[in-house]
Amino acid sequence: MTDDVVVAGAGMTAWGKWGRNFVEYGVEAAREALADAGVEWTDVQYVAGGETVRNGYAGYVAGSSISQALGWNGAQVSTSYGACASGAQAIDVARNRILAGRCDVALVVGADTTPKGFLAPNAGDRPDDPDWLRFRLLGATNPAYFALMARRRIDVHGAAPEDFAQVKVKNSKHGMANPRARYRKEVTVAEVLDSPVVADPLHLLDICATSDGGAAVVLTSAHKARELGIASPVRVRAVSTVTPSFPNTVIEMPNFATDSSGVVAPPPRTFMDSIAHVAYEEAGIGPEDLSVAEVYDLATALELDWYEHLGLCAVGEAEKLLRNGDTAIGGRIPVNPSGGLACFGEAVPAQAIAQVCEVVWQLRGEAGDRQVEGAKVGITANKGLFGHGSSVLLST
Amino acid sequence: MSKARVPALGAEGWFTEEGGAALVGSRCATCGTVSFPKSTFACPNPRCAGTELIDARLSATGTVWSYTDARYQPPPPFVPTADPYVPFALAAVELDGDGLVVLGQIVDGVTVADLHVGRRVELVVDTLFADDDTEHTIWKWRPIPDDR
Ligand SMILES: [Zn+2]
């Protein structure tokens, strides 16, 4: 049996919009995670960075940029890109490195500084780039793709815009108790519904902002954690970086079309359903075992989709779960106790790591006024554009 | 002099107006899998190594799988057609018989209020934007009258 990989330390900047160099956020988060673990930077043997595409070469080689800023320590390095799933890939690389016995102490770090407004493709005519094409030929922004899913919930499952607003209300309550959240203000259903429609049926307050921020974890072998005097560290039970199985019959950002199911029948599980499933299978843990979940609420309606993709309820029942209060802190299975993207905004390469930080704090009982009582097992889930699944399953 | 009508940059060969408007995808000569946009050098079916991909006219009708609109002007490389900006609707449409869903703008004058999941639509070739001497064309979806 392989030795567990554990989270020895977690660190995270506050999320905001300051326009500083992303490396600064990465360094701040890394230093906090290292101090939390009681590990010296010079003792880190491996650095796994999440790439940011918006900061030129320094961003493409984020693992090395942040290492250099911390002072070259001779560690081995990688930088991973999977859009919003970049952080999970970095965690996966570092974890496997430890599982293979190639190192004991790894730092995983991601940070971003983001532009104002819609996320847009890089400049210049690039008709070979599907991301350029969808803006040029369709005018399909990210919120447009979120809205297609939201509309399905209304027309197919009987959701109401009030349900979407209720997700924002819940998450804003959670985020008020999170000192790292960017937005810490109670929001009402009326405020969401009165905010301008961006992409019908989604309002401005249904859609997450883009933020600056950095997050980091120190992963070690269980053996190393004992050496460091960490009595009962949070264990990484599974990491999923799954891709779709052909034919993927649900339209994915930034695509123009789905695969065709004309010749090959759709797989038993949709891509979205497979993301957590792969993690559950690896860990031998099921949705009924979960105490807490952090999911990617790029838009309020997408959080409802995740309830079903994680197996927290049957398809079409997410609104019921929400209305019952089951996914609020104090409910049966709290979702996004951190406040989620609704309160943070998205800092792409940091976000999947930030989700893990929150679950770690919950499982340690260190989440303060947003603590989920007695949390023992937690999952994170997100999806990066171009078919990148991302889920990390953790337990005490 | 009338303007030249050419497919928008990046969409050359993606649709045709000959014999009626239709999307042009590819069909794998080995397994028959259809894709849009065209697969050009490999079949997307993971159990097929086919490399002979033939142009295939796709069904020009379908049902709305989902829809939305763009209330704010999308950022470049989107090219606005009116100043001030006029919102447009988008639909993901399940094509009749081809087993795939294709996204497209909805023709001018149709709003989300006119749509619902399951609404029958047909493909048209329309102007995406125009400049001094050229109309850049694209496919769009248009609700089929009397077929809700
Ligand atoms: Zn084939």
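1. Let's start with helix 5 of chain A. The buried residues of this helix pack against helix 6 (142-157) of chain A, and also against four strands of chain B: strand 7 (88-95), strand 8 (101-106), strand 9 (120-130) and strand 10 (134-143). Keep in mind throughout that this is a predicted model.

2. How many of the nine residues of helix 5 (residues 130-138) of chain A are buried? Eight of them are, so the helix is largely enclosed by the rest of the structure. The buried set is D131(A), W132(A), L133(A), R134(A), F135(A), R136(A), L137(A) and L138(A).

3. The two ends of helix 5 are worth a look as well. At the N-terminal end, D129(A) acts as the cap, with a side-chain oxygen 2.7 Å from the backbone nitrogen of D131(A). After the helix comes G139(A), which has a positive phi, near 65°.

4. Next, Q362(A), which sits in helix 14 (residues 348-364) of chain A. Is Q362(A) buried or exposed? Its relative accessible area is 1%, and a residue counts as buried under 20%, so Q362(A) is buried. Its side chain reaches the backbone nitrogen of V372(A) at 2.8 Å. Setting aside neighbours within four places in sequence, Q362(A) is in contact with V292(A), P337(A), A367(A), R370(A), Q371(A), V372(A) and A375(A).

5. V315(A) makes a good counterpoint. You'll find V315(A) in the loop between helix 11 (300-309) and helix 12 (318-323) of chain A. With a relative accessible area of 62%, V315(A) is exposed. Again leaving out neighbours within four places in sequence, V315(A) is in contact with H157(A) and E308(A). If you want a distance to check, V315(A) and V236(A) are 28 Å apart, C-alpha to C-alpha, with their positions 79 residues apart in sequence.

6. Now the overall picture of chain A. The secondary structure comes to 14 helices and eleven strands. A compact globule of 396 residues would have a radius of gyration near 21 Å, and chain A agrees with that at 20 Å. The C-alpha trace spans about 55 × 50 × 45 Å along its principal axes. Of the 396 residues, 62% count as buried. As for contacts between residues at least 6 apart in sequence, 75% join residues at least 24 apart.

7. Last, surface and charge. Chain A exposes about 13,900 Å², with carbon and sulfur atoms supplying 50% of that area. Chain A carries 33 positive and 46 negative charges, and the mean positions of the two sets are 2 Å apart.

Definitions and conventions
Residues numbered from 1 in each chain as written. Chains lettered and ligands numbered in written order. Predicted model: local features only at pLDDT ≥ 70, side-chain atom pairs only at ≥ 80, totals over all residues. Heavy atoms only, no water. Helix = DSSP H or I, 4+ residues; strand = E, 2+ residues; numbered from the N terminus. Rg over C-alpha atoms; globule rule 2.2 N^0.38 Å. Buried < 20%, exposed > 50% of the residue type's maximum accessible area, 1.4 Å probe, protein only. Contact = heavy atoms within 4.5 Å. Areas by Shrake-Rupley, 256 points an atom, 1.4 Å probe, with all protein chains shown as cover. Lys, Arg positive; Asp, Glu negative; His and termini not counted. Charge placed at Lys NZ, Arg CZ, Asp CG, Glu CD. Polar contact = N/O pair within 3.5 Å; in protein donor to acceptor, adjacent residues only side chain to side chain.
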